[in-house]
Amino acid sequence: MRKAAYFLVAGWLLLNAGSVIAGAQREEPLANSVRALMQRSISDSAAPRMVFASEVEGQDWLNAMSARLAKRIPDDRFREDFLRTVNYEATRAGLDTQLVLALIQVESAFNKYAVSSVGARGYMQVMPFWVKSIGATEHNLFHLRLNLRYGCTILRHYLDIEKGDLYRALGRYNGSLGQPQYPNLVLGAWRKSWSYQPPLRPVSEAALK
């Protein structure tokens, strides 16, 4: 009975406390071409904006995600800014926005100032060595957009290394390549909390002509 209770508590911690298994990306040598590409990505200064086929589709998504996130980020204005920034940074890195939201849930539980036992920081638990490697000394990994930009750029890098294998890329992101726990948690959070299908809307007669 005691053993069963232990596993129930351990499972709850893994699902509800992102800092328990916070990311610890390993510092590895980067080819000059890869470093240059990542540096260009990090230095982007365009204003964040949502990327959808239409304003209506974007607002539908924002409304749906905002409702799911309200308990974790109560401030309406900040929550909307957060979601817009996640969408922009994920899309420009070629990532699914809902996947990035799931990763943030597992990594930091949406705690902007989360710090892991190995020093990973912020929403996406970025290791500080990345600032030295591809960023600038003044970059603050607790800054909303910078943290998301680094995190999305790094995950994109790992996906490229793994030729699109998301399971292995997630393992690299967490520093646990070859172990199933972390990828399963992220993919499970994606399916359970952040899967999204746009609402069906009636087609106008003009569009059918």
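**Exercise 1. One helix, two sides**

Which residues of helix 2 (residues 32-42) are buried? Work out how they are arranged around the helix, and what covers them.

*Solution.* Before you start, keep in mind that you're looking at a predicted model.

Step 1: pick out the buried residues. In helix 2 these are Met38, Ser41 and Ile42.

Step 2: look down the helix axis. The buried residues of helix 2 fall within an arc of 95°, so they line one face of the helix.

Step 3: turn to the other side. There you'll find Asn32, Ser33, Leu37 and Arg40, and these are exposed.

Step 4: see what sits on top of the buried residues. The cover of helix 2 includes helix 4 (76-92), helix 6 (129-134) and helix 7 (144-161).

**Exercise 2. Around helix 8**

Describe helix 8 (residues 166-174) from its start to what follows it, and say which residues are buried.

*Solution.* Step 1: begin at the start. A side-chain oxygen of Asp165 comes to within 3.1 Å of the backbone nitrogen of Tyr167.

Step 2: list the buried residues. For helix 8 they are Ala169, Leu170, Gly171, Arg172, Tyr173 and Asn174.

Step 3: find their packing partners. The buried residues of helix 8 pack against helix 5 (97-108), helix 7 and helix 9 (181-194).

Step 4: go past the end. Next comes Gly175, and its phi is positive, near 75°.

**Exercise 3. Into the core**

How many residues does the largest nonpolar core have, and which helix gives the most to it?

*Solution.* Step 1: get the count. The largest nonpolar core has 52 residues. Those with the most contacts inside this core are Phe82, Leu101, Ile104, Met124, Trp130, Tyr150 and Tyr173.

Step 2: check which helices take part. At least two core residues come from each of helix 2, helix 3 (55-69), helix 4, helix 5, helix 6, helix 7, helix 8 and helix 9.

Step 3: name the top contributor. That's helix 7, with 9 residues.

Step 4: zoom in on one core residue, Tyr150. Leaving out residues up to four places away in sequence, Tyr150 touches Ile42, Val126, Trp130, Val131, Ile134, Gly135, Ala136, His139 and Leu141. Remember Ile42? You met this residue among the buried ones of helix 2.

**Exercise 4. Charged partners along helix 4**

The structure holds 8 salt bridges. Take three of them, starting with Arg79 and Asp76, and say how buried or exposed each partner is.

*Solution.* Step 1: Arg79 and Asp76. Their closest N and O atoms are 2.8 Å apart. The two residues are 3 apart in helix 4, about one helical turn. Arg79 is buried, because its relative accessible area is 7% and the cut-off for buried is under 20%. Asp76, at 53%, counts as exposed.

Step 2: Glu80 and Arg84. Here the closest N and O atoms are 3.2 Å apart. Both residues lie in helix 4, 4 residues apart, about one turn. Glu80 is partly exposed at 36%, and Arg84 is partly exposed at 29%.

Step 3: Arg92 and Glu89. This salt bridge has an N to O distance of 3.3 Å. The partners are 3 residues apart in helix 4, about one helical turn. Arg92 is partly exposed at 31%, while Glu89 is buried at 0%.

Step 4: follow the links onward. Glu89 and Arg92 belong to a network of salt bridges with Arg145 and Arg149.

**Exercise 5. Ring meets ring**

How many aromatic pairs are there in the whole structure? Describe two of them.

*Solution.* Step 1: count. A search finds 7 aromatic pairs.

Step 2: Phe110 and Trp194. Their ring centres are 5.7 Å apart and their planes are at 55°, so the pair is tilted. Phe110 sits in the loop between helix 5 and helix 6 and Trp194 in helix 9, so the pair ties together parts 84 residues apart in sequence. Both residues are buried.

Step 3: Tyr113 and Phe142. This pair is tilted, with 5.7 Å from centre to centre and 50° between the planes. Tyr113 is in the loop between helix 5 and helix 6, and Phe142 is in the loop between helix 6 and helix 7, 29 residues apart. Tyr113 is exposed at 54%, whereas Phe142 is partly exposed at 21%.

Step 4: look for a group. Phe82, Phe110, Tyr123 and Trp194 form one aromatic cluster.

Conventions:
Residues numbered from 1 in each chain as written. Predicted model: local features only at pLDDT ≥ 70, side-chain atom pairs only at ≥ 80, totals over all residues. Heavy atoms only, no water. Buried < 20%, exposed > 50% of the residue type's maximum accessible area, 1.4 Å probe, protein only. Arc of directions from axis to C-beta. Contact = heavy atoms within 4.5 Å. Polar contact = N/O pair within 3.5 Å; in protein donor to acceptor, adjacent residues only side chain to side chain. Core = buried A, V, L, I, M, F, W, Y, C linked by side-chain atoms within 4.5 Å. Salt bridge = Lys/Arg side-chain N within 4 Å of Asp/Glu carboxyl O. Phe/Tyr/Trp six-rings, centres within 6.5 Å; stacked < 30°, edge-to-face > 60°.
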